[in-house]
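Me: Hi! Could you walk me through this one? I'll paste it below and ask as I go.

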Amino acid sequence: MSRSSAGVEDRIVARTVDLAEIPIIDFTPFRHGGEAGKKAVAEAIARACTDIGFFYLKGHEVPERILSDAFAQSARFYHLPEDERQKAAATLKWYRGWIPMPYRGGALDRDSRLFEQYRIQADFSDRPDPDPVFHRPNRWPEDMPEFRAACEAHYDAMLALSRDLLRAFAIGLGLPEDRFDGYFDLPICQLSLLHYIPIPEGSDVEVSNTVSHTDEGPLTILAQDDVGGLEVKRLDGSWIAAPPVPGAYTINIGDMMMWWSNGRFLSNYHRVRNKAGVERFSIPFFLNPDADTVVAPLPELVERDGGEARYEPVHVGTHLKRFYARLEKQAGDFL
Ligand SMILES: O=C(O)CCC(=O)C(=O)O
Ligand SMILES: [Fe+2]
């Protein structure tokens, strides 16, 4: 998460559902509709990324079973007693596995962070010269082989879908379809199993489960359960609900796609407020490029913009390590 804002607009309560502003896009023609279908889908995605930075994707062809297994295993893990969860806890040196909720009771405020997470990344530990932070094995809970299988299947499905979406972004930006492919040989993506407690009734309006933030990487594919609570900021500063749409992933652009596109696509602010009175589960997949990639506005787009690059180049590994360090601080004494 980045660019947390403590602005007054965070206090404003979200309007009810407005699906018209976050379009539902059917991906089927991208894969099966010939060149015209591909172009139409890519243009619809580009429009959504320009207008609000979010869209729903149906027709993605990810088997329903992959999703239901991941949610079932997530619930199973989070319903284990704390000392069992603790056995798979992330540490400062091994930043994968369970990260407890920082909030341990007492008064709630806007920074309380009312969620726990389980972080899974790719395992590149068998590569020559692995990076000690990004190319590690995962941590897995004891005696839960189905948990590992479900997470790995979901991770693989999300990475495959991301590769197609990157092609749609490229076409939507008027670039060759394979423009982004070279940045994703050993991509350091992350799958997070998130578990949100409900915000206690009567809490101050400032209290949310996650603060307003943008995502770091180029793209996030989010699976939500049916509870709702995700909110997205409109360009005028007001908030709208982005409830789950059955059968669709909620997808958003992160900072790196905004930078690559030289600002054509918007990495938009969002937050979670679970006011439903019941626990909420979600599973975001954060696509990231290879650790040694430098993300900068693409030269061909800069040229179209009269030579003005709107963002500085950013080294992915350095940038994400900084982000990990911030997370460590948030997780505080519990790691
Ligand atoms: O759980 C959600 O709905 C969104 C989570 C999110 O925004 C994040 O983890 O970056
Ligand atoms: Fe996010």
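**Sheet and iron site**

Me: Let's begin with β8 and β11: how many bridges join them, and which way do they run?
Reply: Happy to help. Keep in mind that this is a predicted model. Strand β8 (residues 230-233) and strand β11 (residues 270-272) are joined by 3 bridges and run antiparallel.

Me: And which residue is the bridge partner of Val232 in β11?
Reply: That would be His270.

Me: What's the strand order in the open sheet?
Reply: The order is β6-β11-β8-β9, so to speak a 4-strand open sheet with antiparallel pairing. At its edges stand β6 (210-213) and β9 (239-241); each has a single partner strand, so one side of each lacks a neighbour in the sheet. From one strand to the next, the twist averages 20°.

Me: New topic, the metal. Which residues coordinate the iron ion (ligand 2)?
Reply: His213 through NE2, Asp215 through OD and His270 through NE2, at 2.1 to 2.2 Å. Along the chain, the donors follow the spacing H-x1-D-x54-H.

Me: Where do the two histidines, His213 and His270, lie?
Reply: His213 is in strand β6 and His270 in strand β11, so the pair ties together parts that are 57 residues apart in sequence. His270 is also the residue that bridges to Val232.

Me: Last thing: is His213 buried or exposed?
Reply: Buried, because its relative accessibility is 5% and the cut-off for buried is under 20%.

Me: And His270, buried or exposed?
Reply: His270 is buried too, with a relative accessible area of 6%.

How values were computed
Residues are numbered from 1 along each chain as its sequence is written. Chains are lettered from A and ligands numbered from 1 in the order in which they are written. This is a predicted model: local features need pLDDT of at least 70, side-chain atom pairs count only at pLDDT 80 or more; totals for chains, interfaces and linings use all residues. Side-chain values use heavy atoms; hydrogens and water are left out. Two strands pair if DSSP finds at least two bridges between them. Axes are lines fitted to C-alpha atoms, for helices over the stretch in contact, and angles run from 0 to 180 degrees between N-to-C directions. Donors are N, O and S atoms within 2.8 Å of the metal (3.2 Å for Na, K and Ca); water is not among the atoms, so sites may look incomplete. Buried means under 20% relative accessible area, exposed over 50%, partly exposed in between (1.4 Å probe, protein chains only).
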